[in-house]
Amino acid sequence: MVWLKQKFVIGVLIFVVSLCFLAYVYQRTGDQSEEAEAQFVTGKHRNGAKSEQTRAEYVTGKPYVYDDEVDFRVIVITYNRDQSLMKLLRTIDELELDGDTAALEIWIDVNKEGIFHNKTVSEARSFRWKKGPTRVHIQTSHAGIYGQWIDTWRPRDRDSKELALILEDDISLSKYAYRWIKAVHRTYGSYPDFAGSSLTSDEQKSHDGSFRVLHRPKNETVFMYKCIGTWGFSPRTSMWADFQDWYHEHSTKKDFHPYVPKIVTTEWYRSFEASGKADSMWEQWFIYYAYKEKLFTVYNNLKTVNGDDKSCLCINRREVGLHVGSKGREDYCSLLDTWKDEFVSFPDRITRLDWNGDAVEKY
């Protein structure tokens, strides 16, 4: 009888130990799955079509080349503004693609300790774009605004026809944004001084220090300007690859500073350097590169063409963030919601504007 009791106790102990072991294995498997998911998340279209995951692990600090190629790739960069991100994604969901293929890539940065913002990651993972695959990428280490902007899209080759649009999460888009971008690249893509197109609409001001409003006559739907507009930028493919290579070479030179003479952005950058915040102004490097290469960015003139404040291809919501201490206005302009083909009736001889907003023949 005693022997049977001992046998029973031993059996119970073995059963309990087995359960504990299985629980441990299950937990480890779940942890590993979550770690893998944090690096790359595949989504599903709303119609149930699954996205492919065939890409290698991303390494922060190197330009990312996607395995697939589409007509239009939307790059959204974010960190910890989950509500702002969802506002942007809802406008992306309404984009008119006119039958073209597209993919949405959401890049989430981590802080300097490698920790991401849970709510932002959760919201990003919950979103499924109607127009194409949705992929969420979490940086493997802190990338900052430089890495988020410069390294999250690299064309597969210099002749790639893929167009990309890079967006910070405080932007909202007109549903006609891609239609305009595509037309700009189709018209000016072969121009040697074409850097790309900007959706910047609600504020277009000069950078000579006067902050003069950039203006063209009503019969000109677009113009070129020396400075990049980061509120929705779509770079020329070959130029962007060249810029990435140039940046990664020159950013390691401690004695190099991307100063462009006689413009206000250089003054801003110098002040950031003095306060140890130069890592918050990536665009100064592009401004210098465009200055060196004599490049212009194409902007729309639709507010003047239509004579209203309801013709913006995008708006900046001026959310609290890296350069904004308190919530700003977002009612300078409304998003364009009516389309006319004349909006993309572009001149072959486009007007180029100097830093002060005056027309020039060349850079």
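I searched the whole structure, which is a predicted model, and the search returned 20 salt bridges.

I then looked up the contacts of Arg73 and found that its side chain meets that of Asp68 in a salt bridge, at 3.1 Å from N to O. I noted that Arg73 is buried, with a relative accessible area of 0%, whereas Asp68 has 22% relative accessibility and therefore counts as partly exposed, buried being under 20%.

I found a salt bridge between Arg73 and Glu162 as well, at 3.0 Å from N to O. This pair links distant parts of the chain, since Arg73 belongs to strand 2 (residues 72–78) and Glu162 to the loop between helix 4 and strand 5, 89 residues apart. Glu162 is buried, and I recorded 5% for its relative accessible area. Following the connections, I listed a network of salt bridges that links Asp68, Arg73, Glu105, Arg135 and Glu162.

I next checked Arg81, whose side chain meets that of Asp170 in a salt bridge of 3.7 Å, N to O. Arg81 sits in the loop between strand 2 and helix 2 (82–92) and Asp170 in the loop between strand 5 and strand 6 (171–173), so this pair ties together parts 89 residues apart in sequence. Both Arg81 and Asp170 are buried.

Last, I turned to charge on the surface, where I found Glu69, Asp71, Asp157 and Asp159 gathered in a patch of negative charge. I placed Asp157 in the loop between helix 4 (144–150) and strand 5 (163–168), and I noted that Asp157 is partly exposed, with a relative accessible area of 40%.

Definitions and conventions: Residues numbered from 1 in each chain as written. Predicted model: local features only at pLDDT ≥ 70, side-chain atom pairs only at ≥ 80, totals over all residues. Heavy atoms only, no water. Patch = residues over 30% accessible without salt bridge, like charges linked within 9 Å, V, L, I, M, F, W, Y side chains within 5 Å. Areas by Shrake-Rupley, 256 points an atom, 1.4 Å probe, with all protein chains shown as cover. Salt bridge = Lys/Arg side-chain N within 4 Å of Asp/Glu carboxyl O. Lys, Arg positive; Asp, Glu negative; His and termini not counted. Charge placed at Lys NZ, Arg CZ, Asp CG, Glu CD. Helix = DSSP H or I, 4+ residues; strand = E, 2+ residues; numbered from the N terminus. Buried < 20%, exposed > 50% of the residue type's maximum accessible area, 1.4 Å probe, protein only.
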